[in-house]
Amino acid sequence: MVKAKELRNKSKGELNKELDTLRSELAQLRIAQVTGGTPAKLAKIKEIRKSIARVLTVYNQNLKDAVRKDFTNKKYKPLDLRPKLTRAYRRRLTPKQAAAKTLRERKRIAHFPLRKFAIKN
């Protein structure tokens, strides 16, 4: 069984090599299954399938991390790297857009500031 912790230290090429060996081993086990292999071999199929899944998971995580690094401080990001949120939140105005004021509004605020009143008790 392959441990994900051990896989994280491996390079892309090593992960591909590991994947190829696991897939070839799975193919041999499938042949043994058809020809009537021992129960130990048949039980190993599940283990190999899970190991393949682990290798692919680590591979894809490394790939996504690399893409994430490439797109830091860029204006646009791929859709799968953007925050999911909800549809309404994604379409909402940005804080800068929401705070923007028209020329007329800026003049009104400048010429007619909010009055301050002293309140008697």
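**Exercise 1. The largest pocket**

Task: In this predicted model, find which residues line the largest pocket, and sort the lining by class.

Solution. Step 1: List the lining. Arg82, Pro83, Leu85, Tyr89, Arg90, Arg92, Leu93, Thr94 and Pro95 line the largest pocket.
Step 2: Sort by class. The lining has five nonpolar, one polar and three charged residues.
Step 3: Add the volume. About 250 Å³ of space lies in this pocket.
Step 4: Look at one lining residue, Leu85. Leu85 sits in the loop between H3 and H4. Its phi is positive, about 50°, although Leu85 is not a glycine. Leu85 has a relative accessible area of 52%. Exposed means over 50%, so Leu85 is exposed.

**Exercise 2. The overall fold**

Task: State how many helices and strands the chain has, then decide whether the chain is compact or spread out.

Solution. Step 1: Count the elements. The chain has six helices and zero strands. Along the sequence, the pattern reads α-α-α-α-α-α.
Step 2: Compare radii. The radius of gyration is 30 Å, and the globule rule gives 14 Å for 121 residues. The value is well over the rule, so the chain is more spread out than a compact globule.
Step 3: Check the box. Along the principal axes, the C-alpha atoms fill roughly 95 × 35 × 25 Å.
Step 4: Check burial. Of the 121 residues, 13% count as buried.
Step 5: Check contacts. Take those between residues at least 6 apart in sequence; 49% of them join residues at least 24 apart.

**Exercise 3. Two helices and their partners**

Task: For H2 and H3, compare the span with the expected one, and name the helices that their buried residues pack against.

Solution. Step 1: Take H3, residues 39–70. H3 has 32 residues and reaches 48 Å from its first C-alpha to its last, close to the expected 46 Å.
Step 2: Take H2, residues 12–35. H2 has 24 residues and reaches 35 Å, close to the expected 34 Å.
Step 3: List the buried residues. In H3 they are Ile45, Ile48, Ser51, Ile52, Val55 and Val58. In H2 they are Leu15, Glu18, Leu19, Leu22, Leu26, Leu29 and Ala32.
Step 4: Recall helix geometry. An α-helix has 3.6 residues a turn, so residues three or four places apart point the same way.
Step 5: Find the partners. The buried residues of H3 pack against H1 (4–7) and H2. Those of H2 pack against H1 and H3.

**Exercise 4. Two buried residues of H3**

Task: Decide whether Ile48 and Ser51 are buried or exposed, and name what they touch beyond four places in sequence.

Solution. Step 1: Use the cut-off. Buried means under 20% relative accessible area. Ile48 is at 4%, so it is buried. Ser51 is at 2%, so it is buried too.
Step 2: List the contacts of Ile48. They are Leu22, Glu25, Leu26 and Leu29.
Step 3: Look at one pair. Ile48 and Glu25 are 23 residues apart in sequence, but 7.8 Å apart in space, C-alpha to C-alpha.
Step 4: List the contacts of Ser51. They are Met1, Val2 and Leu22.

**Exercise 5. Positive phi**

Task: What is the phi of Gly36, and what is the phi of Asn73?

Solution. Step 1: Gly36 comes just after H2, with a positive phi of about 85°.
Step 2: Asn73 has a phi near 60°, a positive value in a residue other than glycine.
Step 3: Place Asn73. It lies in the loop between H3 and H4 (87–91). Its relative accessible area is 81%, so Asn73 is exposed.

Note on methods:
Residues numbered from 1 in each chain as written. Predicted model: local features only at pLDDT ≥ 70, side-chain atom pairs only at ≥ 80, totals over all residues. Heavy atoms only, no water. Helix = DSSP H or I, 4+ residues; strand = E, 2+ residues; numbered from the N terminus. Expected span 1.5 Å × (residues − 1). Buried < 20%, exposed > 50% of the residue type's maximum accessible area, 1.4 Å probe, protein only. Contact = heavy atoms within 4.5 Å. 1 Å grid on protein atoms, 1.4 Å probe; cavity = no way out; pocket = protein on both sides within 12 Å on 5 of 7 lines; lining within 4 Å. Points joined across faces, edges and corners; volume = space filled by probe spheres on them. Nonpolar A, V, L, I, M, F, W, Y, C, P; charged D, E, K, R; others polar. Rg over C-alpha atoms; globule rule 2.2 N^0.38 Å.
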